[in-house]
Amino acid sequence: MKILLIDDDTALLSLLKDILEEYDHEIIQRENAIEALEYLKRHPCDMVLLDWFLPHMTGLEFLTQLRLDPRTSSAFVVMVTGNHDMAAIREALGCGVDEYLMKPFTKEMLLDKMAMVTKKALLKK
Amino acid sequence: MTDTAELTDLRQMIKQKCGVILETDSHLFLQTRLHSFLLFHQIKDLTELSSHLKIYPEHFDEVIDLVTTHESLFFRDDSFFKTFEEQVLPYFFEARRQDRRLRIWSAACAHGQEPYSVAMCILNHKLNFSDWNIEILATDISKNATAKARKGVYTHFEVQRGLSLLQLSENFEKSEEGWKILDKISRLVRFENINLIEPFLQKSSFDIVFIRNVLIYFDTETKQRILAGISSLLPSDGCLGLGGPETILGLSQNFEAWDKNTSSLYRVKKI
């Protein structure tokens with residue numbers, strides 16, 4: 001899969017990249033949401049791993065814009081966040097998030113979410 | 001490390017108590033699992049433990065609790081749960097529509113993820129549940145495991161293994177202690193402590209029995225005895241669910257595959 005990682009935490013970006021590349025995924029990284037959105041409009045990705053808090057635009061604002069644009073609306077999005085509130089989860093669902101990975105997380109949890117999204121993507125096709 | 005006579009004795013005692021087979025090289029496993037127990041009771045080492053348990057048999061439950069595995073996941077093996085939800089449950093909802101009663105046993109339920117997953121599948125069917133008498137009996141040998149399961153509170157690590165975001169948001173609430181399963185799910189499940197190697201005293205029967213990822217810990221004779229016991233609790237159209245690495249081959253003649261695509265679900269074989 002081609003996966004876009006969006007996070008301003010470069011240490012986490014690097015960790016995620018290392019894990020996902022082990023499983024032969026192609027990884028693109030962006031540290032801010034505006035650049036990521038521009039990238040996605042021109043280069044479709046199978047999945048986006050998105051941080052909640054980002055420079056210039058929050059993850060939810062990013063998600064809302066992503067879903068409104070036909071060029072990007074079908075991307076599968078996993079929100080990666082330390083926000084464990086049910087209200088936040090429901091808000092993210094309302095904005096069109098597909099899955100949610102609560103920090104801190106283990107490699108198994110990340111891979112579980114990847115498997116879930118892959119299955120959803122297959123069902124959609 | 002080779003077994004001392006006392007360690008062999010200890011492995012035998014554990015087998016007799018709960019059926020779990022520990023290999024001759026399980027010294028390190030036992031040492032790790034029982035470290036805090038040995039410290040707390042001021043027992044020098046595993047060799048001394050077998051003599052200790054003969055003097056204090058009431059401590060055996062704690063040892064069994066520490067030696068048995070309680071790890072589980074929600075919706076463990078999703079192809080199994082897909083077949084269960086899409087084929088097995090619709091079959092029983094149709095077959096039991098007259099008496100509107102469905103009984104399920106989740107044996108060796110550990111911390112409750114399996115019976116709660118079953119309950120979530122049932123609620124997905126949007127039946128008029130006020131008309132139905134549905135009960136999921138969830139059992140485990142460990143009192144600590146069923147106490148945690150009964151409480152129904154999980155960490156964010158636990159709810160993120162196997163549950164989708166939608167399942168989490170529809171079936172749990174966030175409390176100060178963690179993620180709590182909603183009453184609409186937990187009211188379908190009743191927890192008890194049952195040791196699978198003891199004769200089943202259950203008088204009522206079950207439509208469906210799940211005994212998943214536990215037979216692997218028993219010897220062949222114990223597996224055969226447990227499967228024969230389960231078979232006696234199931235009606236002629238009853239369903240049996242095993243874990244991914246488990247099979248009935250060579251253990252029971254009473255079951256046949258539920259369908260050719262799911263190797264872990266069986267129905268009672270028609271005679």
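## The largest pocket

By class, eleven charged, seven nonpolar and five polar residues make up the lining of the largest pocket, in what is a predicted model. The volume of this pocket is about 870 Å³, and among the 23 residues that line it, those closest to its centre are Met116(A) and Lys119(A) from one chain and Asp78(B), Gly162(B) and Gln167(B) from the other. Three elements each give two or more residues to this lining, namely α5 (107-124) of chain A and, from chain B, α5 (78-95) and α9.

## The interface of chain B and chain A

Where the two chains meet, 21 residues of chain A are in contact with 17 residues of chain B. The area buried between them is about 1,600 Å², and carbon and sulfur atoms account for 64% of that area. Two salt bridges are found by the rule across this interface; Arg161(B) and Asp112(A) form a salt bridge in which the closest N and O atoms are 2.8 Å apart. The count of residue pairs in polar contact between chain B and chain A, with both residues at pLDDT 80 or more, is eight.

On the side of chain B that touches chain A, at least two residues come from each of α8 (156-159), α9 and β4 (172-174), and it is α9(B) that gives the most, with four residues. The residues on this side of chain B divide into eight nonpolar, five polar and four charged.

## The cavity

The structure holds one cavity of 30 Å³ or more, and the space within the largest cavity is about 30 Å³. Its lining draws on both chains, with Tyr100(A), Met102(A) and Lys113(A) on one side of the list and Val159(B), Gln160(B), Leu163(B), Ser164(B), Leu165(B) and Leu168(B) on the other. At least two residues of this lining are supplied by β5 (99-102) of chain A, and at least two by α9 (165-171) of chain B. Divided by class, the lining of the largest cavity has six nonpolar residues, two polar residues and one charged residue.

The helix α9 of chain B therefore recurs in three of the descriptions given here, if an element is taken as a DSSP run: α9 supplies residues to the lining of the largest cavity, to the lining of the largest pocket and to the side of chain B that touches chain A.

## The second largest pocket

The second largest pocket encloses about 640 Å³ of space. Of the 31 residues that line this pocket, Thr68(B), Thr69(B), Asn213(B), Val214(B) and Tyr217(B) lie nearest its centre. By class, the lining of the second largest pocket has 18 nonpolar residues, together with seven polar and six charged ones.

## Backbone geometry

Most peptide bonds are trans, and most residues other than glycine have a negative phi. Against that background, two places in the backbone deserve a note. In chain A, the peptide bond that joins Lys103(A) and Pro104(A) is cis, with omega at about -10°, and Pro104(A) has its place in the loop between β5 and α5 of chain A. Both of the elements that flank this loop appear above, since β5 of chain A supplies residues to the lining of the largest cavity and α5 of chain A gives residues to the lining of the largest pocket.

In chain B, Gln42(B) is a residue other than glycine with a positive phi, near 50°. The place of Gln42(B) is in the loop between α2 (27-40) and α3 (46-55) of chain B.

How values were computed. Residues are numbered from 1 along each chain as its sequence is written. Chains are lettered from A and ligands numbered from 1 in the order in which they are written. This is a predicted model: local features need pLDDT of at least 70, side-chain atom pairs count only at pLDDT 80 or more; totals for chains, interfaces and linings use all residues. Side-chain values use heavy atoms; hydrogens and water are left out. On a 1 Å grid over the protein atoms alone, a cavity is a set of points where a 1.4 Å probe fits but cannot get out, and a pocket is an open set with protein on both sides within 12 Å along at least five of seven lines; lining residues have an atom within 4 Å of a point. Grid points are joined across faces, edges and corners, and a volume is the space filled by probe spheres set on the points. Ala, Val, Leu, Ile, Met, Phe, Trp, Tyr, Cys and Pro count as nonpolar, Asp, Glu, Lys and Arg as charged, and the others, Gly among them, as polar. Contact means heavy atoms within 4.5 Å. Buried area is the accessible area (1.4 Å probe) that two parts lose on being put together, summed over both. A salt bridge is a side-chain nitrogen of Lys or Arg within 4 Å of a carboxyl oxygen of Asp or Glu. A polar contact is a pair of N or O atoms within 3.5 Å; within protein, one must be able to donate a hydrogen and the other to accept it, and residues adjacent in sequence count only if both atoms are side-chain atoms.
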